Amino acid sequence: MKNNDILLEVDNLRTYFDTRRGLAKAVDGVSFDLYKGETLGIVGESGCGKSITSLSILNLVPQPKGKIHGGEIKLHREDEVVDIAKLKRTGKKMKDIRRKDSAMIFQDPMSSLSPVYTVGSQIMEGIMLSHDVDKVEAREMAIEMLRKVGISPAEQRINDYPYQLSGGMNQRAMIAVALASNPNLLIADEPTTALDVTVEAQILELMAELQQEYQMSIMFISHDLDVIGEISDRVVVMYTGKVVEVAEVEELFYNPSHPYTQGLLQSIPKIGRKKELKPISGSVPQIYNLPDACHFAPRCPHRMDICTKKEPPTFDLGGGHQAKCWLYEEGGENNEG
Ligand code: SF4
């Protein structure tokens with residue numbers, strides 16, 4: 001990919017929480033790029049910093065305890081590059097970015113849909129904030145948007161309140177509200193986790209279709225590697241607030257390099273799978289009490305002496321594949337490969 005294809009550059013992002021138990025480094029030195037029109041999967045167990053990374057990108061870290069302590073979040077807009085990490089959370093430019101450039105969808109549609117307004121009026125609001133149209137035109141566009149997300153008959157459903165729709169329909173309505181402003185960046189945080197598998201498959205297909213049509217970039221967050229594998233072009237694997245592996249989706253599934261990613265893949269149940277399931281031993285350490293050096297060391301089957309003494313850097317494995325693990329130290333004594 002070329003530099004002018006980049007929509008978002010996250011560089012050494014650090015988001016910490018000041019808690020009674022000490023400083024919780026929820027996101028600690030995270031870097032990745034998001035290209036125009038791509039779907040970037042962000043995967044990891046609960047508590048690995050995925051959601052805080054996405055909230056940081058929209059400058060919505062819960063305050064007063066949470067704060068972006070450092071790093072850059074560069075958003076490439078039409079005529080400027082803005083570092084979101086330096087913007088005032090409630091400032092005009094930040095509000096403008098949230099309204100026009102970006103949108104977020106969640107696991108629970110009720111957290112983003114208002115129960116007291118019809119879905120139609122919520123879609124129209126987004127359309128009128130970002131397009132120069134009157135109410136009649138906005139209503140026509142909202143009906144069209146409902147059709148696109150597969151809610152029918154759209155002319156009638158536009159008058160429904162969220163409580164009148166099923167869970168899957170509300171998820172579609174939430175996507176319609178998110179896309180109403182035609183954003184360049186859509187952040188989807190576990191958007192299909194609460195759905196049954198058939199509705200999940202429909203929503204994933206819908207998102208892929210809408211992405212093609214709107215040419216937007218999607219950051220898709222999930223703990224579920226199967227879902228990530230289905231929708232992503234590239235994948236970022238996170239562990240304890242750090243990026244431990246980045247690769248194109250096929251490369252990651254066929255050649256997982258970080259022992260944590262290998263562990264995640266070995267713990268997915270598959271029909272017809274001959275090999276025994278191997279869950280990762282232990283659990284994610286508490287954020288206040290992280291192991292020294294490599295945070296995965298206590299759970300890692302390949303642990304070496306250096307792993308508990310020195311934090312591994314990120315090694316470049318070629319073709320955009322990177323892993324934060326001493327196993328890949330070029331020519332080092334630690335290299336098993
Ligand atoms: S650095 Fe060492 S402990 Fe950490 S994942 Fe790699 S091999 Fe395992």
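Helices are DSSP runs of H or I with at least four residues, strands are runs of E with at least two, and both are numbered from the N terminus. This is a predicted model, in which local features need pLDDT of at least 70 and side-chain atom pairs count only at pLDDT 80 or more, while totals for chains, interfaces and linings use all residues. Residues are numbered from 1 along each chain as its sequence is written, and side-chain values use heavy atoms, without hydrogens and water.

Start with the whole chain. The chain holds 10 helices and 12 strands, and its C-alpha trace spans about 70 × 50 × 45 Å along the principal axes. Of the 337 residues, 49% count as buried (under 20% relative accessible area, with a 1.4 Å probe and protein chains only).

Next, select residues 50-57, which form helix 1. Seven of its eight residues are buried: Lys50, Ile52, Thr53, Ser54, Leu55, Ser56 and Ile57. Then step just past helix 1 to asparagine 59, where phi is positive, about 55°.

Now select the ligand and the residues around it (a heavy atom within 4 Å). From the earlier part of this shell, pick His258, Pro259, Cys294, Phe296, Ala297 and Cys300. Add His302, Cys307, Pro312, Cys325, Trp326 and Leu327 to complete the shell. By class, 10 of these residues are nonpolar, two are polar and none is charged (Ala, Val, Leu, Ile, Met, Phe, Trp, Tyr, Cys and Pro count as nonpolar, Asp, Glu, Lys and Arg as charged, the others, Gly among them, as polar).

Note on methods:
Buried means under 20% relative accessible area, exposed over 50%, partly exposed in between (1.4 Å probe, protein chains only).
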